[in-house]
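The exercises below are meant to be worked with the sequence and the coordinates side by side. Please attempt each task before reading the solution that follows it.

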Amino acid sequence: MSERDRARWDATYTDRTVSDRAPGPPRAFADHIDKFPTAGSALDIACGMGENSVWLARRGLHVWGIDVSAVAITQATELADRHGVSQRCRFDVVDLDDGLPDGPPVDVVLCHRFREPRLYQALRARVAPGGLLAICVLSEVGAEPGRFRARAGELRAHFGDLQVIAEHESDGEAWLLARVS
């Protein structure tokens with residue numbers, strides 16, 4: 001990622017404040033929280049301010065959240081401290097343009113509102129057998145096409161051979177929840 005893009009993301013997060021309320025599940029997966037484990041490990045891709053990481057940690061998982069913004073990572077660390085789950089959370093600045101960082105398979109890979117098709121295979125490979133892939137991206141379905149928006153059927157095309165639990169595509173958003181065999 002260019003320094004200009006990194007600076008733009010840092011500026012975006014600088015204008016946001018860490019909430020005092022307990023983070024809940026990502027809206028896309030709110031009707032399927034019973035499918036998320038309450039123990040094990042998780043990788044939160046492009047974690048931003050850490051809301052999803054903290055939610056997973058409060059469920060009982062050990063979470064590694066990664067994001068390109070150092071400002072967001074600082075806020076994520078503060079949020080985990082505030083909600084008493086800092087011992088279950090690790091946050092690191094990672095430029096995903098360099099690929100997914102090395103690490104062991106995890107029970108949950110959560111990728112919410114970040115799209116990089118070049119990483120789809122790596123995301124799938126990081127999920128342990130029996131684990132869960134939860135991915136949500138901006139979509140062209142019900143919205144204007146754009147560089148950061150998935151084409152119709154993109155998630156199904158890349159992940160449809162997994163055990164799909166639920167999926168949705170409309171109103172400018174696409175998401176898929178699947179189990180890896």
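## Exercise 1: Overall fold

Task: describe the order of the elements in the protein chain and decide whether the chain is as compact as a globular protein of that length.

Solution. Read from the N terminus on, the elements of the protein chain follow the order α-β-α-β-α-β-β-α-β-α-β-β, in what is a predicted model. The radius of gyration of the protein chain is 15 Å, which is close to the 16 Å that the globule rule gives for 181 residues, and the chain is therefore as compact as a globular protein of that length. Counting the elements gives five helices and seven strands. The box filled by the C-alpha atoms, taken along the principal axes, is roughly 40 × 40 × 30 Å. As a further step, 47% of the 181 residues count as buried, and among contacts between residues at least 6 apart in sequence, 63% join residues at least 24 apart.

## Exercise 2: The largest pocket

Task: determine which residues lie closest to the centre of the largest pocket, and which elements contribute to its lining.

Solution. Begin with the volume of the largest pocket, which is about 1100 Å³. Its lining comprises 34 residues, of which Trp-9, Ala-46, Arg-113, Phe-114 and Arg-115 are the closest to the centre. Next, assign the lining to elements: those that give two or more residues are helix H1 (3–14), E1, H2 and strand E5 (127–138), and H1 supplies the largest share, with four residues. Finally, sort the lining by residue class, which yields 17 nonpolar, three polar and 14 charged residues.

## Exercise 3: Positive phi in loops

Task: locate Ala-46 and Arg-113 relative to the helices and strands, and state what sets their phi values apart from those of most residues other than glycine.

Solution. The reference point is that most residues other than glycine have a negative phi. Ala-46, which belongs to the loop between strand E1 (41–45) and helix H2 (51–59), has instead a positive phi near 50°. Arg-113 is placed in the loop between strand E4 (106–112) and helix H4 (120–126), and although it is not a glycine, its phi is positive at about 65°. For the accessibility of Arg-113, the relative value is 42%, and the residue therefore counts as partly exposed.

## Exercise 4: The hairpin of E6 and E7

Task: in which sense do strands E6 and E7 pair, and over how many bridges?

Solution. Strand E6 (residues 163–170) and strand E7 (residues 173–179) are antiparallel, and their pairing runs over seven bridges. To fix the register, note that Glu-169 has Ala-174 in E7 as its bridge partner. The hairpin has two residues between the strands, and Asp-171 in this hairpin adopts a positive phi near 55°.

## Exercise 5: Sequence separation and distance in space

Task: compare sequence separation with C-alpha to C-alpha distance for the pairs Glu-140 and Gly-172, and Ala-11 and Gly-153.

Solution. Glu-140 lies in the loop between E5 and helix H5 (154–159), and its C-alpha is 5.6 Å from that of Gly-172, although 32 residues separate the two in sequence. Leaving aside residues up to four places away in sequence, Glu-140 touches Pro-145, Gly-146, Arg-149, Ala-150 and Arg-151, and with a relative accessibility of 24% it counts as partly exposed. For the second pair, Ala-11 belongs to helix H1 and is partly exposed, with a relative accessible area of 40%. Ala-11 and Gly-153 are 142 residues apart in sequence, and their C-alpha atoms are 33 Å apart in space.

Notes. Residues are numbered from 1 along each chain as its sequence is written. This is a predicted model: local features need pLDDT of at least 70, side-chain atom pairs count only at pLDDT 80 or more; totals for chains, interfaces and linings use all residues. Side-chain values use heavy atoms; hydrogens and water are left out. Buried means under 20% relative accessible area, exposed over 50%, partly exposed in between (1.4 Å probe, protein chains only). On a 1 Å grid over the protein atoms alone, a cavity is a set of points where a 1.4 Å probe fits but cannot get out, and a pocket is an open set with protein on both sides within 12 Å along at least five of seven lines; lining residues have an atom within 4 Å of a point. Grid points are joined across faces, edges and corners, and a volume is the space filled by probe spheres set on the points. Ala, Val, Leu, Ile, Met, Phe, Trp, Tyr, Cys and Pro count as nonpolar, Asp, Glu, Lys and Arg as charged, and the others, Gly among them, as polar. Two strands pair if DSSP finds at least two bridges between them. The radius of gyration is taken over C-alpha atoms; the globule rule is 2.2 Å times the number of residues to the power 0.38. Contact means heavy atoms within 4.5 Å.
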